[in-house]
Amino acid sequence: MAGVVVVFDFDHTIINCDSDNLVVDGLGATDLFNELSPTMPWNPLMDRMMKELHSQGKTIEDIVEVLKTTPIHPRIVAAIREAHALGCDLRIVSDANVFFIETILKHLGLEECFTEINTNPSHVDEQGRLRISPFCDFTSSPHGCSLCPPNMCKSVITERIRSQASAEGRKRMIYVGDGVGDYCPSLNLREGDFVIPRKNFPLFNKICQNPLALKAEIHEWIDGEEFEHILLNLINRITIEESAAAQFITTDCKLETIYVSGHESFAKALPV
C-alpha cells in the first residue's frame, strides 16, 4: 500500500473549468455576476448569485443539471481511481464549495475515492436556495496568511492533513493544483514531497519565478493524459523507495543483532 497522501485542488485541476463560473454562465447570470464582482468578496458574491438565481425560479435541480455538464479529461478520472486502488489517501482542498464538488464527484462516480473534502461550506435552506459561506470567517477569525485569499489558507489545511496522515504511517505528500491559492501550500511542502502544477496556469507561473523557493520536486502537466502518467509514476516511485528503505532497516537491524550476539558470545568466552 502506497504510504502517500495526494492533495487535489478542484477547479481547473480535477475538472477543466471553474465550477462557480460554470453554474453562473450555464444559468444565464453572467452579466449580473460581472456587474457585482468588482464590489464583493468571492464567497458573498456567489451566495448573492444563488439568491438571484433562486429569485428567477432556478432550482437546485437546475444547478445539478449544469454541474453534470462539467468538462473533465477521462484520464484524470482514471488516474484518481487508480491512485485510490493503490491505497493512496486522496484529499480535496478547494476554494469551490461542498455542494458543487460533491455533486460533480457523484456524477463522475468518484465520491468514494476521497477521504475528505476541504472547501467552502454550502447547504440548501428551507426555501430551496443554495447558501454558500466562506471556509474561514475572515471578519472575526482571519487566518493571517498574506499569500492566500481571506477565506482560506490552504497551508493550514494541508499541515493538518500531514499530521493526521503521518500518524497513519503516510509520510509523503503529492500536491496537485493550478491557482494562486495553491502556491502557499506548495511552499510548505517538504523534501521528499512532490508538487504537480498545471502548466501555464497561475501556480506554475509563480513557481517559475523562483523554483528554488520550493523544497518539493516539481512535475508540471498539460493535459489529463500527462497528469495520469506523472501521478502514477510518482506513486510507484514512492512505493519502491519506501520498500527499499524498509528492507534496509530490516537488514540493518539483523546485522546489528548478529553483531551484538557475537560480541556477547566473545565476552563470555574471555574468562575461559
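# Talking through the predicted model

Trainee: Let's start with Val-156: buried or exposed?

Mentor: This is a predicted model, and in it Val-156 has a relative accessibility of 51%. The cut-off to pass is over 50%, so the label for Val-156 is exposed.

Trainee: And which element holds Val-156?

Mentor: For comparison of positions, Val-156 sits 11 residues from Cys-145 in sequence, with 9.3 Å between their C-alpha atoms. As for its own place, Val-156 belongs to helix H7.

Trainee: Let's step back to the whole chain. How many helices and strands are there?

Mentor: The chain has 272 residues, and 44% of them are buried. Its exposed area is about 13,800 Å², with 54% supplied by carbon and sulfur atoms. The secondary structure comes to 10 helices and 8 strands.

Trainee: What share of the contacts with a separation of 6 or more comes from residues 24 or more positions apart?

Mentor: Take the contacts in the chain with a separation of 6 or more, then pick out the pairs that are 24 or more positions apart. Their share is 65%.

Trainee: On to charges. How many salt bridges does the count give?

Mentor: Side chains of opposite charge can pair when their charged atoms come close. The rule here asks for a side-chain nitrogen of Lys or Arg within 4 Å of a carboxyl oxygen of Asp or Glu. By that rule, the count of salt bridges is 16.

Trainee: Asp-182 and Lys-154 form one. How many residues apart in sequence are the parts this pair ties together?

Mentor: The N to O distance in the Asp-182 and Lys-154 salt bridge is 2.8 Å. Asp-182 is in the loop between strand S6 (172–177) and helix H8 (183–187), while Lys-154 is in helix H7 (residues 154–167), so the parts being tied together are separated by 28 residues.

Trainee: Are Asp-182 and Lys-154 buried or exposed?

Mentor: The cut-off for buried is under 20% relative accessible area. Asp-182 has 1%, and Lys-154 has 5%. By that cut-off Asp-182 is buried, and Lys-154 too is buried.

Trainee: Which residue does Arg-190 pair with in a salt bridge?

Mentor: The partner's side chain meets that of Arg-190 at 3.5 Å, N to O. The pair links distant parts of the chain, 31 residues apart: Arg-190 is in the loop between H8 and strand S7 (194–197), and its partner is in helix H7. Arg-190 is partly exposed at 43%, and the partner, partly exposed at 28%, is Glu-159.

Trainee: What separation in sequence does the salt bridge between Arg-172 and Glu-241 span?

Mentor: The closest N and O atoms of Arg-172 and Glu-241 are 3.0 Å apart. Arg-172 is in strand S6 and Glu-241 in helix H10 (residues 224–269), so the parts tied together by the pair have a separation of 69 residues.

Trainee: Which label does each of those two get for accessibility?

Mentor: Arg-172 comes out at 15% relative accessibility and counts as buried. Glu-241 has 33%, so the label for Glu-241 is partly exposed.

Trainee: Which residues are linked with Asp-89 in a network of salt bridges?

Mentor: Asp-89 belongs to a salt-bridge network rather than to one of the pairs we just went through. The residues linked with Asp-89 there are Arg-91, Glu-116 and Arg-160.

Trainee: There's a negative surface patch with Asp-223 in it. Where is Asp-223?

Mentor: The patch is formed by Glu-220, Asp-223, Glu-225 and Glu-226. Asp-223 has a relative accessible area of 34% and is partly exposed. Its place is in the loop between strand S8 (217–218) and H10.

Trainee: Which residues does Asn-97 touch, leaving out those up to four places away in sequence?

Mentor: Asn-97 is in strand S2 (residues 89–97). At 1% relative accessibility Asn-97 counts as buried. With sequence neighbours up to four places away left out, Asn-97 touches Asp-20, Thr-119, Asn-120, Ser-122 and Ile-132.

Trainee: Last one, on backbone angles. What is the phi of His-12?

Mentor: His-12 is in the loop between strand S1 (4–8) and helix H1 (19–26), and is partly exposed at 25%. Asn-200, in the loop between S7 and helix H9 (202–209), has a positive phi near 65° without being glycine. His-12 is not a glycine either, and its phi is positive, about 60°.

Note on methods:
Residues numbered from 1 in each chain as written. Predicted model: local features only at pLDDT ≥ 70, side-chain atom pairs only at ≥ 80, totals over all residues. Heavy atoms only, no water. Helix = DSSP H or I, 4+ residues; strand = E, 2+ residues; numbered from the N terminus. Buried < 20%, exposed > 50% of the residue type's maximum accessible area, 1.4 Å probe, protein only. Patch = residues over 30% accessible without salt bridge, like charges linked within 9 Å, V, L, I, M, F, W, Y side chains within 5 Å. Areas by Shrake-Rupley, 256 points an atom, 1.4 Å probe, with all protein chains shown as cover. Lys, Arg positive; Asp, Glu negative; His and termini not counted. Charge placed at Lys NZ, Arg CZ, Asp CG, Glu CD. Contact = heavy atoms within 4.5 Å.
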